[in-house]
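Thanks for making the time this morning. I would like to walk through one model with you, starting with how its helices pack and then moving on to its cores and a few loop residues.

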Amino acid sequence: MTQSCGLVAIVGAPNAGKSTLVNALVGQKVAIVSPKAQTTRARLMGVAIEDQTQLLLVDTPGIFEPKRRLDRAMVAAAWGGAEGADVLALVVDGKGGVGAKVTAIIESLVGRPEPTYLILNKVDVADKPKLLLHAERLNALLPFTETFFVSAGTGDGVAELKTAFAAAMPEGPWHYPEDQVSDASERSLAAEVTREQLYLQLHAELPYASTIETETYAERDDGSVEIHQQILVERPTQRAIVLGKGGARIREIGARARAELAGIMGKPVHLYLHVKVKPGWDEDRETYRDIGLDWVE
């Protein structure tokens with residue numbers, strides 16, 4: 001049978017569930033997920049297989065009104081991830097509905113040549129009658145090629161969406177080996193998993209004032225991996241929050257990140273975390289390169 005391969009750009013406002021949807025389509029975790037908006041910072045590609053079709057799923061940062069340099073870099077990465085796509089997929093929080101952020105993104109999509117799919121997500125928790133109204137309102141703003149109702153969290157509608165994506169892809173050879181699920185290196189994945197634990201465990205205590213810098217990443221002779229990471233924060237008070245009483249919080253962050261990485265990589269992981277105060281880390285060109293974002297003026 002003939003192979004097909006193409007690019008699907010997943011765009012949307014923060015917290016629409018884009019990363020959860022990419023993970024559901026791939027069938028395993030490739031993108032970090034947390035209840036906090038703007039968790040995804042750089043574009044990340046998940047690779048999914050549907051019969052003879054390879055789907056390259058670009059999980060982009062949420063598109064929002066940028067205020068800081070980091071915000072501008074994230075939004076630039078989102079639109080950059082949409083370039084050259086065979087299908088643009090706008091994910092909308094079906095529970096949250098049609099707000100100013102969503103309509104602003106739709107205005108940016110008007111006139112683009114790619115087929116554009118509307119995906120109303122979180123249907124398991126949304127008001128069902130309102131979902132149809134949301135779909136009508138959004139299609140009035142931009143006549144979408146297709147409209148789907150899914151729950152990335154429960155998996156409802158995901159198989160049908162995946163089949164539709166596959167049908168829209170052009171014929172061509174696969175870009176990645178069959179067993180590869182992401183274009184992210186293990187080194188960058190390790191940093192993302194630790195960052196996810198920071199978000200999950202600290203919630204509102206440490207909004208976006210932190211990032212992860214991998215100092216060393218090395219394979220040991222016994223097949224395990226040794227990783228040393230620095231958690232960068234802006235102020236000493238934030239360092240105290242990350243450490244926790246008697247170092248309890250950072251131990252828990254490390255333990256959960258280590259267990260998850262061992263599961264993903266299929267080998268033992270030795271993870272060493274250090275917290276460093278680095279005021280203005282989000283104005284440092286080198287940090288942007290480590291995160292995978294382009295520097296923006």
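Which residues in H1 meet which residues in H5? Before I answer, please keep in mind that everything here comes from a predicted model. On the H1 side the residues are Leu21, Ala24 and Leu25, and in H5 they meet Val158, Leu161, Lys162 and Phe165. As for the geometry, the axes of H1, which covers residues 18-26, and H5, which covers residues 158-167, come within 10 Å and cross at roughly 80 degrees. Because angles of 65 to 115 degrees are counted that way, H1 is roughly perpendicular to H5. Sorted by class, this contact of H1 with H5 consists of six nonpolar residues, no polar ones and one charged residue.

The other helix pair I want to show is H6, residues 186-202, with H8, residues 248-265, whose axes come within 9 Å and cross at roughly 135 degrees. H6 and H8 are therefore oblique to each other, and H6 passes H8 in a right-handed crossing. From H6 the contact takes in Glu186, Leu189, Ala190, Val193, Thr194, Glu196, Gln197, Leu198, Gln201 and Leu202, while H8 brings Arg249, Glu252, Ile253, Arg256, Ala257, Glu260, Leu261, Ile264 and Met265. Between H6 and H8 we therefore have, by class, ten nonpolar, three polar and six charged residues.

Let me turn to the interior. The largest nonpolar core has 28 residues, and those with the most contacts inside it are Leu90, Val92, Ile106, Leu118, Leu120, Leu138 and Phe144. Two or more residues of this core come from each of the strands S1, S2, S3, S4 and S5 and from each of the helices H3 and H4. There is also a second, separate core of 23 residues, which includes Ala48, Ile119, Ala164 and Phe165. To take one residue as an example, Val92, once neighbours within four places in sequence are left aside, is in contact with Ala16, Gly97, Val102, Leu118, Ile119, Leu120, Asn121 and Leu138.

Is Thr53, in strand S3, buried or exposed? Its relative accessibility is 9%, and because the limit for buried is under 20%, Thr53 counts as buried. Not counting residues up to four places away in sequence, Thr53 touches Ser4, Ala48, Ala166, Met169 and Trp174.

Now for the loops, beginning with Lys95, which sits between S4 and H3 and is exposed, with a relative accessible area of 58%. With neighbours within four places in sequence set aside, Lys95 is in contact with Asn121, Val125 and Ala126. The C-alpha atoms of Lys95 and Lys130 are separated by 8.6 Å, although these residues are 35 apart along the chain.

Finally, there are two backbone angles to look at, bearing in mind that most residues other than glycine have a negative phi. Asp51, in the loop between S2 and S3, has a positive phi of about 60 degrees although it is not a glycine, and it is exposed, with a relative accessible area of 57%. Lys122, in the loop between S5 and H4, likewise has a positive phi, near 65 degrees, but Lys122 counts as partly exposed, at 23% relative accessibility.

That is where I will stop, and I am happy to go back to any of these places.

Technical notes. Residues are numbered from 1 along each chain as its sequence is written. This is a predicted model: local features need pLDDT of at least 70, side-chain atom pairs count only at pLDDT 80 or more; totals for chains, interfaces and linings use all residues. Side-chain values use heavy atoms; hydrogens and water are left out. Axes are lines fitted to C-alpha atoms, for helices over the stretch in contact, and angles run from 0 to 180 degrees between N-to-C directions. Helices (H or I, at least four residues) and strands (E, at least two) are DSSP runs, numbered from the N terminus. Angles under 35 degrees count as roughly parallel, over 145 as roughly antiparallel, 65 to 115 as roughly perpendicular and the rest as oblique. A crossing is left-handed if the near helix is turned anticlockwise from the far one by less than a right angle, and right-handed if clockwise. Contact means heavy atoms within 4.5 Å. Ala, Val, Leu, Ile, Met, Phe, Trp, Tyr, Cys and Pro count as nonpolar, Asp, Glu, Lys and Arg as charged, and the others, Gly among them, as polar. Buried means under 20% relative accessible area, exposed over 50%, partly exposed in between (1.4 Å probe, protein chains only). A nonpolar core is a set of buried Ala, Val, Leu, Ile, Met, Phe, Trp, Tyr and Cys residues joined through side-chain atoms within 4.5 Å.
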